[in-house]
Amino acid sequence: MTSVTPYSIAVPDEKLQQLRQKLEHTTFPDELDASGWDMGVPLHEIKRLIAVWREQFDWRAQELKLNEQFNQVNVRIGVDGFGELNIHAVHHRSQNSRAIPLLFIHGWPGSFLEATKLIPLLTKNNKDGPVFDVVAPSLPNFGFSQGIKKRGFGLAQYAEVLHKVMIALGYEEYVIQGGDWGSMIARTMSQCYPQYTQAIHLNFIPVLPPYPWRSPYQFLKSLLSVPFSAKDRGYIARTLGYFTGGNAYMKQQETRPQTLGYGLHDSPVGLLAWIYDKMHTWSDKYPWTDEEILTWVSVYYFSTAGPMASARIYYEASAPKRGGSEVVSEDRAQEDLLEKTDLNYMTLEQVLGARAPQSVCFAVAQFREEIIMWPMPWYRSIGNVVQETEYDCGGHFAAWEVPELLASDIKRFLGKNGPAYGAVADRDGY
């Protein structure tokens, strides 16, 4: 059973009061002399933000703005093996009956907020490209969607939820835009629902390098391009730097999310530091305002499932297990990778190594300060890549940092004379 009802954000007064009390009793650690960002968020930054959060920031004003400016719905859907879930989504229809339905999928530490800068650029009728209906859900365990209490809710289940949300909203065919986990979920959807979504735009494209034993053809092609350009060498160095010194947060969240969760749930200071560290480090010198930072963090603090629930996607997507609570050995998990992909339970590594059906076309946009970057030809291993673009600005949060560039890239992909024009039957957005 599915149902769609209007939704307005309404954080209970008790939660606001609890937050004020916690902020009033904050204590801070010390730090080493001349500390910058190399050890994490500087103490003076946290002290300043906590003072603003406590004395100036008005959540009710942000709540009102979101409720007045963006149409929101609650979609109740059933998920195989997990019962019914309530999914929050921003759903903005354009005034064009031929508008292209676009599913925007966020990641961590983002939220549906990232789509709010794109929506005005994509939903207004104009002459510079197609027009879209935009659906930006809060993923399960994130924002104002319901949390999951049962083990085994992996990438295939996230894909199922978002596909059913689009069907419930009346879109039997649609296109996808995704970054961070949104990219991984979009690629999972290309495996599970290729007949429904035949065009996917990604601004975060992790892939497995073309190892000779995994992709001999791609490996031989890469050899022909050696030596890599200085730009390609810079991309590889940046990615290796991330894997060796920048992804400790990921290891913690994919192995021991519950342990981390106590601090994220109980301490607004801990939550702020954990999220703001990535907002600062992963962006391209974007001038974050205090209001932006605190609104992003408040969505996590006031989330329906609580601020630690979002970390579980890392565990569930990487843990070597199948069928709910069944846990298998590491050796067995490696054997499974060699077997035919199980679309009911796809691990992150399986998604990274899978090639989408040829009927699904991809656009990849690489922004200058993305955390994982490879030579552009390597991205063709994900499937039928028909548009490739590199930008000399922007970072991991492209929809927020450079929304005009991202919107333009999406329109070029799906507009007239674009490589994915007509991907959604009878809808060209003009």
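A pocket, in the sense used here, is an open set of grid points with protein on both sides within 12 Å along at least five of seven lines. Keep that in mind as we walk through this structure, which is a predicted model.

Let's begin with the second largest pocket, whose volume is about 580 Å³. It is lined by 22 residues, and those closest to its centre are Gly40, Gly246, Asp277, Lys278 and Thr281. Which helices give two or more residues to this lining? They are helix H8 (230-245), helix H9 (248-255) and helix H11 (268-281). H11 provides the largest share, with six residues. Sorted by chemical character, the lining has eleven nonpolar residues, seven polar ones and four charged ones.

Next, try following H11 into the loop that joins it to helix H12 (290-301), where you will find Lys285. The phi angle of Lys285 is near 55 degrees, a positive value in a residue other than glycine. Is Lys285 buried or exposed? Its relative accessible area is 77%, so Lys285 counts as exposed.

Asn141 makes a good partner for this story. This residue also is not a glycine, yet its phi is positive, at about 80 degrees. You can find Asn141 in the loop between strand E5 (132-137) and H5. Here the surroundings tell another tale: Asn141 has 4% relative accessibility, so it counts as buried.

Just beyond that loop comes the helix H5 itself, made of residues 155-168, and His163 is found in it. With a relative accessibility of 7%, His163 counts as buried because the cut-off for that word is under 20%. What does His163 touch, once its neighbours within four places in sequence are left aside? Its contacts are Tyr174, Met189, Tyr193 and Tyr196.

The backbone has another feature to look for. Between Trp108 and Pro109 the peptide bond is cis, with omega near 5 degrees. Pro109 sits in the loop that runs between strand E4 (100-105) and helix H4 (119-123).

Finally, let's turn to the cysteines. A disulfide is a covalent bond between the sulfur atoms of two cysteines. How many disulfides does the structure hold? The count is zero. Cys192 is in no disulfide, and the nearest cysteine sulfur to it, that of Cys361, is 18 Å away. For a disulfide, the two sulfur atoms would have to be within 2.5 Å, so this pair does not qualify. Cys192 has 17% relative accessibility and therefore counts as buried. Cys361 counts as buried too, at 9%.

Definitions and conventions:
Residues are numbered from 1 along each chain as its sequence is written. This is a predicted model: local features need pLDDT of at least 70, side-chain atom pairs count only at pLDDT 80 or more; totals for chains, interfaces and linings use all residues. Side-chain values use heavy atoms; hydrogens and water are left out. On a 1 Å grid over the protein atoms alone, a cavity is a set of points where a 1.4 Å probe fits but cannot get out, and a pocket is an open set with protein on both sides within 12 Å along at least five of seven lines; lining residues have an atom within 4 Å of a point. Grid points are joined across faces, edges and corners, and a volume is the space filled by probe spheres set on the points. Helices (H or I, at least four residues) and strands (E, at least two) are DSSP runs, numbered from the N terminus. Ala, Val, Leu, Ile, Met, Phe, Trp, Tyr, Cys and Pro count as nonpolar, Asp, Glu, Lys and Arg as charged, and the others, Gly among them, as polar. Buried means under 20% relative accessible area, exposed over 50%, partly exposed in between (1.4 Å probe, protein chains only). Contact means heavy atoms within 4.5 Å.
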